[in-house]
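I opened a notebook page for this protein and wrote down what I looked up, one topic at a time. The entries are short.

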Amino acid sequence: MIAGVAAASVALGIAQLVTIPFGGRADARTAVGSAAVDLTPGPVKEWAIQTLGPLDKPFLAVVVLVVIATIAAIAGTLETPRRPLGSAVIVAAGVLGCAAVLSRPGGTAFDTIPTVVGVICGIVVLRRLTRADRNDPDDRPDPGRRRLVAYGLLGFGVASGIAGAFATRLAHSVESDRKTFALPSPRSKARPIPPEVQPKGVALPSFITSSADFYRIDTALSVPQLSRGDWRLRIHGMVDHETTYSADDLARFDIVESVTTLTCVSNPVGGDLISTGIWTGYRLADLLAAAGVHPDADMVLSTSIDGFTAGTPVQALTDGRDALLAVGLNGQPLPVEHGYPARMVVPGLYGYVSATKWVVDLELTRFDKAKAYWTRQGWAAQAPIKTQSRIDVPRAGQKVPVGPVVFGGVAWAQNRGVRAVEVRIGDGNWQPAELGASYSNQTWRLWSFPWQAKEPGRQSITVRAIDNTGAVQTEQRADPVPDGATGWHTVKFTVVPA
């Protein structure tokens, strides 16, 4: 078993070192993990997002390594000098790795070389560690020495894998490309954000989320590294003129700035998968108009460099809501993990149908002809953001002293805006909360609620929002699948003597 794990470790480590000149597309381990993500049923993916949050990708990476180690241990027990069954298992694993590499967007036979080299090295190690000298039984290797060699090779493989992964990331990172990109000054700037958007006397999230704190949910196990020089955006399908833009070609269009709140469809009631940013980019309506969209096209199927797809209604990109091909966030070039060099930002729609990162392809088509990544797994094709609200203060289980306190949170109803927020303490009557200033219908709205805590004991607070159409946030609880969670957010807390 130790010999098998050592052989797999060397195979992975050597493959990772050989991957350095090829780049991440030749990384079989990541390719296998990505293939596993693609094949995983939607409900299981949703469970991972809800349970693990941003740790879902590291968790999957660990699971892949554990599975490989388990198979390798079994392979080691099967290997004999006359029957190399363990070696056959390593070959089979290598074939699967090569298939996974070839299945990724842009994968070629050339990219399988690191996997092939790693498999060969793994087989050599396994054969050497499990061989026995049949002609001279007295000259067989000492088991203790062989075990020590196996542990040494295991350590070598782990060190090689870590070094190779680090060197690959360093060699192919586009962070330096990003730092040299001077974000163009927008011709149309977003209006200044008044200080009144932030309620006083309560510790709420900042109205504008810092880039470092902006939520991230996507299917990329390894963040795509795409430079501005290599980036191209193809617009095709049901258009008059198929067009391909480079980054420099975008200079012919007006660059604008807008403030927009993005929300993930996986955000549960009371969840934090929502953030607001100042986006800089080009109106998608302008790019589509230049291509000449056919009147019967009702969907844009956008594709990321890593193969992810999203289906967005054409109407949402052309109705004046500042749907952008964004190149900047909060006054800086997009962070690489948030889509550098370009991504989509469409107000009013959940991200899985609108917020494609590292976008390289826009196909004009129809909802009855094409399905995107998540809609193929049972999620709704149309996904407008629902009216929701959240309590940030107090936190669940928090102790609140008797006396005056201020509670608060956020509410959102993108593309409609929030008119009012109401709060209920325990089973009491609904009372109006105080609202921070409304910036636009495309952003969240912060609220606060002064309250006098009179008696010690357990209490609860519930919140609901009312949007600008007059619709009241529904009490009915619904899971995020298939088109977003609903329900009132309630937090239980304890009033304690001052």
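**Entry: buried share and surface**

I began by asking how much of the protein chain counts as buried. Of its 498 residues, 50% do. I kept in mind that this is a predicted model. Next I looked up the surface: the protein chain exposes about 22,700 Å², and carbon and sulfur atoms supply 57% of that area.

**Entry: overall layout**

I checked the extent of the C-alpha trace, and along its principal axes the trace spans about 90 × 70 × 40 Å. The domain assignment splits the protein chain into domain 1 (1-172), domain 2 (195-377) and domain 3 (388-496). I wanted to know how many Å separate the centres of domain 1 and domain 3. Taken over C-alpha atoms, the answer is 50 Å.

For secondary structure I noted 10 helices and 19 strands. I also looked at contacts with a separation of 6 or more, and residues 24 or more positions apart account for 75% of them.

**Entry: charges**

I looked up the charged side chains, and the protein chain has 48 positive and 43 negative ones. The centres of the two sets lie 5 Å apart.

**Entry: two helix residues, I49 and S34**

I picked I49, which sits in helix α3 (residues 42-52). Is I49 buried or exposed? I49 has a relative accessible area of 9%, so it counts as buried, because the cut-off for buried is under 20%. Leaving out residues up to four places away in sequence, I49 touches D56, I217, S266 and L273. I also checked I49 against N267: they are 218 residues apart in sequence, but their C-alpha atoms are 9.1 Å apart in space.

Then I went to S34, in helix α2 (residues 28-39). S34 is buried too, with a relative accessible area of 9%. Not counting its neighbours within four places in sequence, S34 is in contact with R104 and L221.

**Entry: a loop residue, T469**

I jumped to T469, in the loop between β18 (457-467) and β19 (489-496). Is T469 buried or exposed? With a relative accessible area of 57%, T469 is exposed. I noted that the cut-off for exposed is over 50%. Setting aside residues up to four places away in sequence, T469 touches R416 and R419. I compared T469 with G122 as well: the two are 347 residues apart in sequence and 64 Å apart in space, C-alpha to C-alpha.

**Entry: cysteines**

How many disulfides does the count come to? I got 0 disulfides. C98 is in none, and the nearest cysteine sulfur, that of C121, is 14 Å away. A disulfide needs sulfur atoms within 2.5 Å, so the pair does not qualify. Looking from the other side, C121 is in no disulfide either, with the sulfur of C98 as its nearest cysteine sulfur at 14 Å. I also checked how covered they are: C98 is buried at 15% relative accessible area, whereas C121 is partly exposed at 24%.

**Entry: backbone oddities**

I reminded myself of the background here: most residues other than glycine have a negative phi, and most peptide bonds are trans. Then I went looking for exceptions.

Which residues does a cis peptide bond join? One such bond joins Y340 and P341, with omega about 10°. P341 is in the loop between β8 (332-333) and β9 (343-345). Another cis peptide bond joins V393 and P394, and its omega is about 10°. P394 is in the loop between β11 (388-393) and β12 (399-401).

For positive phi, I found D322, which is not a glycine yet has a phi of about 65°. D322 is in the loop between α10 (314-318) and β7 (324-329). At 28% relative accessibility, D322 counts as partly exposed.

I also wrote down W358, a residue other than glycine with a positive phi near 50°. W358 lies in the loop between β9 and β10 (359-365). Is W358 buried or exposed? Its relative accessibility is 2%, so W358 counts as buried.

Notes. Residues numbered from 1 in each chain as written. Predicted model: local features only at pLDDT ≥ 70, side-chain atom pairs only at ≥ 80, totals over all residues. Heavy atoms only, no water. Domains from an automatic or database assignment. Helix = DSSP H or I, 4+ residues; strand = E, 2+ residues; numbered from the N terminus. Buried < 20%, exposed > 50% of the residue type's maximum accessible area, 1.4 Å probe, protein only. Contact = heavy atoms within 4.5 Å. Areas by Shrake-Rupley, 256 points an atom, 1.4 Å probe, with all protein chains shown as cover. Lys, Arg positive; Asp, Glu negative; His and termini not counted. Charge placed at Lys NZ, Arg CZ, Asp CG, Glu CD.
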